[in-house]
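Take a look at the protein below. This report walks through its sheets, its cores and a few pairs of side chains.

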Amino acid sequence: MKIQKTNAMRWLDLKNISYNVLTYEYKDGESPSGMYAAKYHNEPFQQVFKTIVCKANTKEYLVYMIPALKELDFKKCAKIAGVKSVELLPLKDLTKITGYVRGGTSPIAMKKSFRTFIDTSILNEDFIYFSGGKIGYQIHMKSEDLIQSLSMIVADLLKSKV
């Protein structure tokens, strides 16, 4: 598969940040997910992160990254962002706000720059995988480079096991 550069890749190239791109076959009707891509490439599940876009009660858009097998804790997310509440951005608004589609949402090079948070579990990983900005594309890069390049806030964002 010939790799077409996405906005996320072009942004990383512009900043001279090292990364690799992995591609996977995606069939219409399948649910695009980080776990699908992880299984396709035999990637360590704990290194595969998903990007979730939320809207705060203040109307601000916020971006959260967590391991693909985990769930976001909306109360923790609101608290760390200093807002009263956050909720998932409606799917119908995702492309309009970010420029990306579900299953292809990268935290890098969205239409606008939003405050971005990443779960503390990233500190256990030297490298992570996340959407490359198009379904079927994943970026593999150093965790530290991702955090620094987007000025991410590292915080506990996960639902606790009950």
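Two strands count as paired if DSSP finds at least two bridges between them. Strand 6 and strand 7 pass that test: five bridges join them, and they run antiparallel. One of these bridges sets Phe127 opposite Lys142 in strand 7. Keep in mind that this is a predicted model.

## The overall plan

The protein has five helices and eight strands. Along the sequence they follow the pattern α-β-α-β-β-α-β-α-β-β-β-α-β. The protein has 162 residues, and buried residues make up 46% of them. Now take the contacts with a separation of 6 or more: residues 24 or more positions apart account for 61% of these.

## The three-stranded sheet

Strand 6 and strand 7 belong to an open sheet of three strands, in the order 1-7-6. Its pairing is antiparallel. Which strands stand at the edges? They are strand 1 (20-23) and strand 6. Each has a single partner strand, so one side of each is left without a neighbour in the sheet. From one strand to the next, the twist averages 30°. Helix 1 lies across strand 1 and strand 7. This helix runs at about 25° to strand 7.

## The five-stranded sheet

A second group of strands forms an open sheet too. Five strands take part, in the order 4-2-3-5-8, and the pairing is mixed. Here strand 4 (86-88) and strand 8 (153-155) stand at the edges. Each has a single partner strand, so one side of each has no neighbour in the sheet. The twist averages 35° from one strand to the next.

Within this sheet, strand 2 and strand 3 run antiparallel and are joined by seven bridges. Cys54 stands opposite Leu62 in strand 3. Helix 3 (residues 74-81) lies across strand 2, strand 3, strand 4, strand 5 (115-119) and strand 8. Helix 3 runs at about 125° to strand 4.

## Two nonpolar cores

In soluble globular proteins, nonpolar side chains tend to be buried together. The largest nonpolar core here has 27 residues. Which of them touch the most other members? Ile118, Met141 and Leu146 do. Several elements each supply at least two residues of this core, including helix 1 (7-14), strand 2 (49-56), helix 4 (91-98), strand 7 (137-142) and helix 5 (143-149).

Met141 shows how the contacts reach along the chain. Leaving aside residues up to four places away in sequence, Met141 touches Leu12, Ile17, Ser18, Tyr19, Ile108, Asp126, Phe127, Ile128, Phe130 and Leu146.

Apart from the largest core lies another, of 16 residues. Among them are Leu62, Ile66, Val86 and Leu157.

## Two aromatic pairs

How many aromatic pairs are there? The count comes to two. The table sets them side by side.

| Pair | Distance between ring centres | Angle between planes | Type |
|---|---|---|---|
| Tyr61 and Phe114 | 5.8 Å | 70° | edge-to-face |
| Tyr64 and Phe117 | 5.1 Å | 20° | stacked |

Why do the types come out this way? Planes under 30 degrees apart count as stacked, and planes over 60 count as edge-to-face. Tyr61 and Phe114 have planes at 70°, so their pair is edge-to-face. Tyr61 lies in strand 3, and Phe114 lies in the loop between helix 4 and strand 5. The pair therefore ties together parts that are 53 residues apart in sequence. Phe114 is buried, with a relative accessible area of 14%.

The planes of Tyr64 and Phe117 are at 20°, so that pair is stacked. This pair also links distant parts of the chain: Tyr64 sits in strand 3 and Phe117 in strand 5, 53 residues apart. Tyr64 is buried, at 0% relative accessibility. Phe117 is buried as well, with a relative accessible area of 0%.

## Two cysteines without a bond

A disulfide is a covalent bond between the sulfur atoms of two cysteines. In this model the count of disulfides comes to zero. For Cys54, the nearest cysteine sulfur is that of Cys77, 6.2 Å away. The cut-off for a disulfide is sulfur atoms within 2.5 Å. Cys77 is in no disulfide either. Buried or exposed? Cys54 is buried, at 0% relative accessibility. Cys77 is buried, with a relative accessible area of 0%.

Methods
Residues numbered from 1 in each chain as written. Predicted model: local features only at pLDDT ≥ 70, side-chain atom pairs only at ≥ 80, totals over all residues. Heavy atoms only, no water. Core = buried A, V, L, I, M, F, W, Y, C linked by side-chain atoms within 4.5 Å. Buried < 20%, exposed > 50% of the residue type's maximum accessible area, 1.4 Å probe, protein only. Helix = DSSP H or I, 4+ residues; strand = E, 2+ residues; numbered from the N terminus. Contact = heavy atoms within 4.5 Å. Axes fitted to C-alpha atoms, helices over the stretch in contact; angles between N-to-C directions. Phe/Tyr/Trp six-rings, centres within 6.5 Å; stacked < 30°, edge-to-face > 60°.
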